[in-house]
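Here are my notes for a first look at this structure. Please read them with the model open.

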Amino acid sequence: MSKRRSDWQNRPQERFVRWMREGYLALDEAIEDSVIQPGEAPPEVDPELAAQHQEAALQHRHDRDLALDRLAQYDLYAWTLTKGRRLIGRLHVLLSLLLGGMIIFFLLGTVAHMPRFGAADVPANNEVITRYIEQGLAETGATNMVAGMILDYRAFDTLGESTVLFIAACAVLILLRIDLDDKGQPTQQLIAEESDDRHYEPKNDRILQGTAILLTPILLLFGLYVILNGHLSPGGGFSGGAIVSSGLILYLNAFGFKKAGRFFSYKTFQLVSFGALGFYGVAKAYSFYCGANGLESHIPLGTPGAILSGGLIMPLNIAVGLVVACTMYIFYALFRKGGL
Amino acid sequence: MNFVNLALLGMLVVCALAVSFTKNLLTSLIVYMAYSLIMAVIWMLLESPDLAITEAAVGAGITSVLFFVTLKKIHALQGDRDHEQAQK
């Protein structure tokens, strides 16, 4: 009940509620009682007794208000449990149906207004795409036009993507890593995670290890091929890095953290990620500087189709692949037990 | 070719609905992997092999592995429940 208005008890609805509940207007009576009748001398009373009476009356009134409040609250609570719950549930269903219907309607409407797939007059078919297709091979030296686009014309976007991945890995590291304590000893939490990690999985599983021995080299080799051949055939840094990291994760699953830690630690992650991102930034800065100022770039483009061609594209692919592989691997390790 | 495309797209819709309607988290995760694989085939048919490779490696591979680890962490895999019951 609001205490902002001093006469909140005298509002019409309060009076009505009291009248409904008690059958008479208690406050009016109290006011009438307190009005001194004219011509009549105030009766002599003991001030202490009067104070006690007043105290008792106040207490009584307070108790009654409290009880009414409780009653109202209980009524509301009962309503929430029975009728209200059903009402709110129906409202939820109605609103979600409305929202879903609206989204479906707008999306279908948008799709219906789009030009036909592959039509000649779509807005995306402008001079940019023509330039990429006609001049791309001569300007970037990459047979794979997509690699030429994302690592030469649009290389700044790719730098942003790699940086986002790196930042995501750092954020996961901050959130999920469980540190050693001050003396360099494993903490209680770390030991618990360690035992929990191997709880459900057999250690040194024969089948898994055999599969890993067979598949890990193939996966790593295929990933390296996808990265290194990115400017000649479909693929590139992102997909190749993901394949390499899946090979690493398979190895980690089969042989455990102890063996995998021999070639991948936090230090490796720091060095590789920072080195690759730094190299990417420096290389692209050089390329932008040359291109924007019309200077001659001293990086030869090579004959298109040869493995050493495409100028900066292959080194940039390698940098992106390293960042992606490290990031995915560290995601997995941190998700699994909060450390390497 | 057109029939294959339509069939794949239909399977895509079925997979997308199945992911949200299955009760078991492990099942919905495996259906989600199937969704990614179908998507990779569709990219291939749309003549963008770069996207197909990335979708197969990241969508069906790495993302699912991370989801599996998360499910294991929150003890949502079926084997975990059996294990807990055996402990009790």
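1. Start with Glu193(A). Is this residue of chain A buried, partly exposed or exposed? Glu193(A) counts as partly exposed, because 17 C-beta neighbours lie inside 10 Å, where 20 or more would make a residue buried and 12 or fewer exposed. Glu193(A) sits in helix 7 of chain A, residues 188-197. Bear in mind throughout that this is a predicted model.

2. What does Glu193(A) touch? Leaving out residues up to four places away in sequence, the partners are Ile178(A), Lys337(A) and Gly338(A). Gly339(A) is worth a look as well. Its C-alpha atom and that of Glu193(A) are separated by 9.7 Å, although the two residues are 146 apart along the chain.

3. Now the whole of chain A. The chain has eleven helices and zero strands. Read from the N terminus, its elements are α-α-α-α-α-α-α-α-α-α-α. It has 340 residues, of which 22% count as buried. Take the contacts in chain A with a separation of 6 or more: residues 24 or more positions apart account for 72% of them.

4. Check the confidence before going further. The average pLDDT of chain A is 82, and 89% of the residues score at least 70. Within chain A, helix 2 (residues 26-34) has the lowest confidence, with a mean of 59. The highest is in helix 8 (residues 206-228), at 93. Where pLDDT is low, predicted coordinates should not be read in detail.

5. Look at helix 4 of chain A, residues 127-140. Where does this helix bend? The bend is at Glu134(A) and comes to about 50°. Just after helix 4 comes Gly141(A), which takes a positive phi of about 75°.

6. Chain B has four helices and zero strands. From the N terminus, the order is α-α-α-α. Of its 88 residues, 17% count as buried. Among contacts in chain B between residues at least 6 apart in sequence, 42% join residues at least 24 apart.

7. One backbone angle in chain B deserves a check. Most residues other than glycine have a negative phi. Glu47(B) has a positive phi, near 65°. Where is Glu47(B) placed? It lies in the loop between helix 2 (25-45) and helix 3 of chain B. Glu47(B) counts as exposed, because it has 8 C-beta neighbours inside 10 Å and the cut-off for exposed is 12 or fewer.

8. Next, the two chains together. In all, 16 residues of chain B are in contact with 18 residues of chain A. On the chain B side, the elements that give two or more residues are helix 3 and helix 4 (78-87). Helix 3 of chain B gives the most, with 13 residues. By class, this side of chain B has eight nonpolar, five polar and three charged residues.

9. Finally, one helix pair across the chains. Helix 9 of chain A (residues 237-260) and helix 3 of chain B (residues 49-73) have axes that come within 9 Å and cross at roughly 35°. The crossing is left-handed. Residues of helix 9 of chain A in this contact include Phe238(A), Ala242(A), Ser246(A) and Ile249(A). From helix 3 of chain B, the contributors include Ile53(B), Ala57(B), Gly61(B) and Val65(B). By class, the contact of these two helices has nine nonpolar, five polar and no charged residues.

Technical notes: Residues are numbered from 1 along each chain as its sequence is written. Chains are lettered from A and ligands numbered from 1 in the order in which they are written. This is a predicted model: local features need pLDDT of at least 70, side-chain atom pairs count only at pLDDT 80 or more; totals for chains, interfaces and linings use all residues. Axes are lines fitted to C-alpha atoms, for helices over the stretch in contact, and angles run from 0 to 180 degrees between N-to-C directions. A crossing is left-handed if the near helix is turned anticlockwise from the far one by less than a right angle, and right-handed if clockwise. Two residues are in contact if their C-beta atoms, placed from the backbone, lie within 7 Å. Ala, Val, Leu, Ile, Met, Phe, Trp, Tyr, Cys and Pro count as nonpolar, Asp, Glu, Lys and Arg as charged, and the others, Gly among them, as polar. The bend at a residue is the angle between axes fitted to the seven residues ending there and the seven starting there. pLDDT is the predictor's confidence in each residue, from 0 to 100.
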